[in-house]
Every structure is written in C-alpha cells, then in structure tokens.
Amino acid sequence: MWRRLFAARKVPSRPAPAPPIVTVVADAPVCEMAPPLTVVEDRFHRFVLGLPAAVSDTASGPEQATLRRLEAIGERFDVSGLPRLPSVLPQLLRALRNDNLAGSQLAALIGRDPVLVGEVMRVAGSAHFRSAQPIHSLQHAVVLLGRDALRRVATLHVMKPILQASAGMRGHMAGPWLWEHAERCAHAAAFLGRHGGCDPFEAFLAGMVCHTGTGAIVRLLDQEAPPSLGPFSPVFLAGCMRIGARLSLRAVRHWEMPANVIEALVERVNALHAPASSLGKVLACADPLAMVQLLVERDLLDAELDYSATWPDSFPTPVMRRGQLDLRRQFMPTQD
C-alpha cells in the first residue's frame, strides 16, 4: 500500500485548480496585521491540494469518519514500503563529517551516482561558485564547493524526486509545490539555525524533510475521501496534516536521519507542546516562514503585511524579520 502511496504515478491531465480567493479590503491600512498561523497553514495546505476556501469551520460527520479511517491507516503504516534513499547519501554525509577525508576520496564516493555527479558539476559551474579557471574534473568541483555545499547538493538531489512524486486527483500539482516549500523551508531553517545554536546542515535537512508525509496524505485522500466531502473544513484538513506529520517522522526514522532531526520532528508531531530542542524551535518557525514566502510569490498573501504576530515566539521578532527578508532575497531576487 505504502509503495503505491509514495511512488510516482501518472495522473490525468486537467487544468490547474483555481487558487483560493484572497479577500482584499479597500483602503486597508499599511500596518494591517497578517492572518494568524492557523489561517496561513490552512491556506497553504489548500494551495498544495488545489482546494477552494472552506464553506464551514466545523468538521462534518462524514469528515470525522474519514479522518478516523485515515488515522487507522496511519497507525498501520509499514516503513518497508517507503522509498529507500540511495546508499551513497548516508555514506556521503558520514564522510563529509570526516575532516581528514581527501577531495579525491569524496569525488570517488560521489562518482558512484552519475546523476549526483552531474548535479555537483552543474552547481560548481554556476555563477555563485564560478572560479577563474574552468572546472576540469569532479575532484576540482568537490574542492570548489566545499563540504557544506556538497551536503546540501546531495540532499537536494535525493529529496527532490521523492517530494515531486506527490500527486493526486485533488492535488495534481502537490509535488512541485511541496518541493518549492521544502527548498524555502530548508533555507529558512539553515538561517535560523545559525541564530539558534544548531548545526546549519542538520537545520537544512530538517526543513527539507519535514513535509515528506504530506505527499502520502495527498494519495490517501484520493483513496479514502469521497467527493461529497467538498472542499474540506479547516478542522478536517488540519487533522489530515497531523497524520502527515506522523508519517514524516516515520520516514526520517526509516532513513536513519541524524538524531537531532528526528527529535525535531517528534516535537513537531507533539504540536500541543512548544518545542524544547533548539532544532525543534528552528523547524517550528522555518515551516511557516516558507509557507508565507511561497504564498506571497503566488499572490495568495500580501508581502506588505506585518507577520510578527503570525510566527511562533521561539525567536525574537527582529530575527524572524531578517529571516523573512533573507527568503525574499533568495527566492524573489527582483524584489527590493
């Protein structure tokens, strides 16, 4: 069952769903506050699933029954059906922690994955890393990128096809949107991690994988949610995403991610309690930062609103504002 849920599949072509309607109030003051976090999350999940705005704030009887079925399926989750990460990734990540490993040894390890080789060469030849001399070998590219960039390139290479495979009749664009969120969440987590005393790469990794279970929810909703449920109430949709968070935790344990990353996702599942770990606090803030950034880019949120009341209070407001501006510079380079 889970192999079907996480594996890529073709879906019938159809027009992109209409975006959620955003109400604009005429002559609104410039200092207008942004929506609360629960509204931002609901709007993001509707965007991912291609759903219109809710018509009711309460979960209907059929929604409650469907949610119980989804929770039961989640409890029977079998990690053996998850896609395996390429063996080169954990080996490479362990090797990159060894400061004594030579560039030639790293190049030999990367060389076992032809697609990863191409990605390393592409990034090393980009404008950001371009050197005075042309890149003449994989070892040259490895030395030029450095360990931090190599870890990020390897993670992006592995996670992109897993997240982009998410699709369903309700959310046939869910995969690309989840991937775009993952890029922004990983970037925001790395930024906040530097302020929160975390390992920047572990923060990057936590941001990248935190919504892997959402792809499974997209497929489950196709199988278990009857069309009569309509656009879903916020309560039902939030319940689905809590199940997705538990599936994400199962996935990172299956993939033997670092202990700090697993702990951060455990705290994300226990959403009733504020995270206690440094990385848990980073993830709790990076996730909505990425949601807002993506919704702003798609004109589903106003970039000029004051979002200081939207973020969790794990970081000072000035740090969160700098994180928001950093995301805009990275992903909206034409903006001031």
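# Pockets, a cavity and two helix pairs

Helix 11 is the top contributor to the lining of the largest pocket, giving eight residues. Keep in mind that this is a predicted model.

Student: OK, so what volume does the largest pocket have?
Tutor: Let's place it before putting a number on it. Of its 33 lining residues, Leu 37, Glu 41, Arg 268, Ala 271 and Asp 287 sit closest to the centre. Helix 2, helix 11 (234-254), helix 12 (259-269) and helix 13 (278-297) each give two or more residues to that lining. The volume comes to about 970 Å³.

Student: And by class, how many charged residues does the lining of the largest pocket have?
Tutor: Glu 41, Arg 268 and Asp 287 are among the residues closest to the centre, and Asp, Glu, Lys and Arg are the ones that count as charged. Over the whole lining, you get 18 nonpolar and six polar residues, and the charged ones number nine.

Student: Moving on, which helix gives the largest share of the lining of the second largest pocket?
Tutor: This pocket has a volume of about 780 Å³. Of the 22 residues lining it, Val 123, Arg 152, Val 153, Leu 156 and Gln 330 are closest to its centre. Helix 6 (114-124), helix 7, helix 8, helix 9 and helix 14 (317-331) all give two or more residues. The largest share is seven residues, and it comes from helix 7.

Student: Helix 7 and helix 9 also pack together, so how are they oriented: roughly parallel or oblique?
Tutor: Helix 7 spans residues 138-164 and helix 9 spans 200-209, with their axes 11 Å apart and an angle of about 10 degrees between them. The cut-off for roughly parallel is an angle under 35 degrees. That makes the orientation of helix 7 to helix 9 roughly parallel.

Student: How many nonpolar residues are in the contact of helix 7 with helix 9?
Tutor: From helix 7 come Arg 151, Arg 152, Thr 155, Leu 156, Met 159 and Leu 163, and they meet Phe 201, Phe 204, Leu 205, Met 208 and Val 209 of helix 9. Two residues of this contact are charged and one is polar, which leaves the nonpolar ones at eight.

Student: What about helix 2 and helix 8, what is their orientation to each other?
Tutor: Helix 2 (residues 37-49) and helix 8 (residues 174-196) have axes 8 Å apart and an angle of about 140 degrees. Roughly antiparallel would need an angle over 145 degrees. The pair is therefore oblique.

Student: Then how many charged residues does the contact of helix 2 with helix 8 have?
Tutor: Helix 2 brings Phe 44, Phe 47 and Val 48, while helix 8 brings Ala 174, Trp 177, Leu 178 and His 181. Six of these residues are nonpolar and one is polar, so with His falling among the polar ones, the charged count is zero: there are no charged residues.

Student: Last one: which helix gives the most to the lining of the largest cavity?
Tutor: There is one cavity of 30 Å³ or more, and the largest cavity holds about 50 Å³ of space. Its lining is Glu 71, Gly 74, Glu 75, Ile 243, Arg 246, Leu 247 and Arg 250, with four charged, two nonpolar and one polar by class. Helix 3 (61-75) and helix 11 each give two or more of these residues. The most, four residues, comes from helix 11.

How values were computed:
Residues are numbered from 1 along each chain as its sequence is written. This is a predicted model: local features need pLDDT of at least 70, side-chain atom pairs count only at pLDDT 80 or more; totals for chains, interfaces and linings use all residues. Side-chain values use heavy atoms; hydrogens and water are left out. Axes are lines fitted to C-alpha atoms, for helices over the stretch in contact, and angles run from 0 to 180 degrees between N-to-C directions. Angles under 35 degrees count as roughly parallel, over 145 as roughly antiparallel, 65 to 115 as roughly perpendicular and the rest as oblique. Contact means heavy atoms within 4.5 Å. On a 1 Å grid over the protein atoms alone, a cavity is a set of points where a 1.4 Å probe fits but cannot get out, and a pocket is an open set with protein on both sides within 12 Å along at least five of seven lines; lining residues have an atom within 4 Å of a point. Grid points are joined across faces, edges and corners, and a volume is the space filled by probe spheres set on the points.
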